[in-house]
Amino acid sequence: MRLFNTASKTIETFKPQNPDNVKIYTCGPTVYDYAHVGNYTSYIYWDLLVRTLKANGYTPNRVLNLTDVGHLTSDADEGEDKLEKGARREKMTVWEIAQKYIDYYLENFRKLNLTEPNHICRATDFIEQDESLIDTLIEKGYTYETKDGIYFDTSKFSRYADFAHLDLEGLEAGARVEMNDKHNKTDFALWKFIQPGEDHAMRWDYKDRDGYPGWHIECSTIIHEVLGETIDIHTGGIDHIPIHHTNEIAQSESAFDKKFCNYWLHCNFITIDNQKISKSLGNTYTLEDLEQEGIKPLDFKMWVLSGHFQGTRNFSFEDLRAAGFRRLHWRNLAAKAFQLNQVEEHSEITQKVIDATSDNLNSAEAFAIIDQNSLSLSLTDWQKIDDLFGLGLIPEDIEDDIKYLIHEREEARKNHDFETADRIRDELAGSNISVLDSNDGPIWQFVI
Ligand code: AMP
Ligand code: ZN
């Protein structure tokens, strides 16, 4: 397998530390609001990564975290905690807000047929471990305390700028950053103290004061606790490169003196009408919004996978519908192979599909290979393809009453009772099934 590694900015051959335990970490959602199509885009690409690793014989061991504390409205240490803000907006407790959006997120995870991670970790379940990691950083002299919190001193970590190729001098001189008592603009909070009168419901006693963890520490902690010191692959959106992932590396490598991660994968952002997705532009579509337009979650997944994780992609309903038709076509070819019991394997084709995907997750190329060979594919081939993409291509055996109707229609036709045959055809259309009369006998198909 080959993967583009953000750390080296090149495509590298993937070599895991242990093929039977490929350690992967994905920065998960902040559970304060409905996730939008942009958020799901990233999780769809990481599902492709996991499935491609499996197709290459590796055993992934993947952790996904759920951020339920500490992520402020700005990725720097400014603004309000997103969970607290969500709780005020919906007049619920922060714990209720977290549970509501975790349930919502995981339900959609299933609708998108995304591989269940081996571990799903909530940030608030790791507070003690956060504290012990911060203790280590304090003991090693990487921190300082202000009235606002405990900060990581980025000037003490000499490689700080390397990962994201940051221009630290330019940053110091330029961008407006609320300094409070910070020593350097890039310094970040490991722990925030709750100020008198501050309305912050999630709080823990640490250093004899009430406070809560900074956003970045949870990922370093969870990775260390669940996966160990060096992981194979870390994924996230490109927005994570200059701050969040740079800070994770600084924390973990300073604390443990080991390389934190070997391969970094970052997906680009999708746009809608060539604009960024944002609440103020009113274009934050959820999966439910798409369903109301007749676009199924797996059609959306089909659209995402027809592009590349590093490309900028523009989202339009027209393109989504086209992806939906392409998926329908594939489902019907798989359904036909299923009805005709075509099981002969064409591994020369499916291997080409796997090889294309294994080349830096080029699912777009793999899709082109599928289209070129689609008429020759058997049920076994479609099953392999569906294992790789999780697009719901394989028909469950259709329900008995539909099978019965198809049989009755066939009998009516044989007896020249075309009135009954037509009535049954209309009844089947109500179940989104049509019947084609082919040389192989009647073949049912899905219709939209
Ligand atoms: P959040 O819940 O805000 O932490 O975001 C969850 C993930 O969604 C992050 O990895 C972001 O990088 C990613 N993300 C947010 N907006 C987009 C977008 N428009 N396109 C692709 N990924 C996005
Ligand atoms: Zn993270």
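Which residues coordinate the zinc ion (ligand 2)? The legends below begin with that site in this predicted model.

**View 1. The zinc ion (ligand 2) and its donor atoms.** The zinc ion (ligand 2) is held by SG of Cys27, SG of Cys219, NE2 of His244 and OE of Glu248. These atoms lie at 2.0 to 2.3 Å from the metal. The angles among the four donor atoms run from 81 to 129°. The site is classed as irregular because tetrahedral geometry with four donors requires all angles to lie between 85 and 135 degrees, and the range here begins at 81°.

**View 2. The donor residues along the chain.** The spacing of the donor residues of the zinc ion (ligand 2) in sequence is C-x191-C-x24-H-x3-E. Cys27 and Glu248 are 221 residues apart, and the pair links distant parts of the chain. Cys27 sits in the loop between strand S3 (22–26) and helix H1 (37–55). Glu248 belongs to helix H7, which covers residues 241–256. Are Cys27 and Glu248 buried or exposed? Both Cys27 and Glu248 are buried.

**View 3. The loop around His165.** His165 is not a glycine, yet its phi is positive, at about 50°. The residue is found in the loop that runs between strand S7 (149–152) and helix H5 (168–173). With a relative accessible area of 48%, His165 is partly exposed.

**View 4. The loop around Asn274.** Where in the chain is Asn274? Asn274 is in the loop between strand S13 (270–272) and helix H8 (287–292). Its phi is positive, about 60°, although Asn274 is not a glycine. Asn274 counts as exposed, its relative accessibility being 63%.

**View 5. The whole protein chain, for orientation.** The protein chain contains 15 helices and 16 strands. Its C-alpha atoms fill a box of roughly 90 × 50 × 35 Å along the principal axes. Of its 448 residues, 54% count as buried. Among contacts between residues at least 6 apart in sequence, 73% join residues at least 24 apart.

**View 6. The surface and charges of the protein chain.** About 20,100 Å² of the protein chain is exposed, and carbon and sulfur atoms supply 47% of this area. How many positive and negative charges does the protein chain have? There are 47 positive and 78 negative charges, and their mean positions are 2 Å apart.

Key: Residues are numbered from 1 along each chain as its sequence is written. Chains are lettered from A and ligands numbered from 1 in the order in which they are written. This is a predicted model: local features need pLDDT of at least 70, side-chain atom pairs count only at pLDDT 80 or more; totals for chains, interfaces and linings use all residues. Side-chain values use heavy atoms; hydrogens and water are left out. Donors are N, O and S atoms within 2.8 Å of the metal (3.2 Å for Na, K and Ca); water is not among the atoms, so sites may look incomplete. Four donors count as tetrahedral if all angles lie between 85 and 135 degrees; four count as square planar and six as octahedral if opposite donors are over 155 degrees apart and all others between 65 and 115; anything else is irregular. Helices (H or I, at least four residues) and strands (E, at least two) are DSSP runs, numbered from the N terminus. Buried means under 20% relative accessible area, exposed over 50%, partly exposed in between (1.4 Å probe, protein chains only). Contact means heavy atoms within 4.5 Å. Accessible areas come from the Shrake-Rupley method with a 1.4 Å probe; for residues, only the protein chains shown count as cover. Lys and Arg count as positive and Asp and Glu as negative; His and the chain ends are not counted. The place of a charge is taken as NZ of Lys, CZ of Arg, CG of Asp or CD of Glu.
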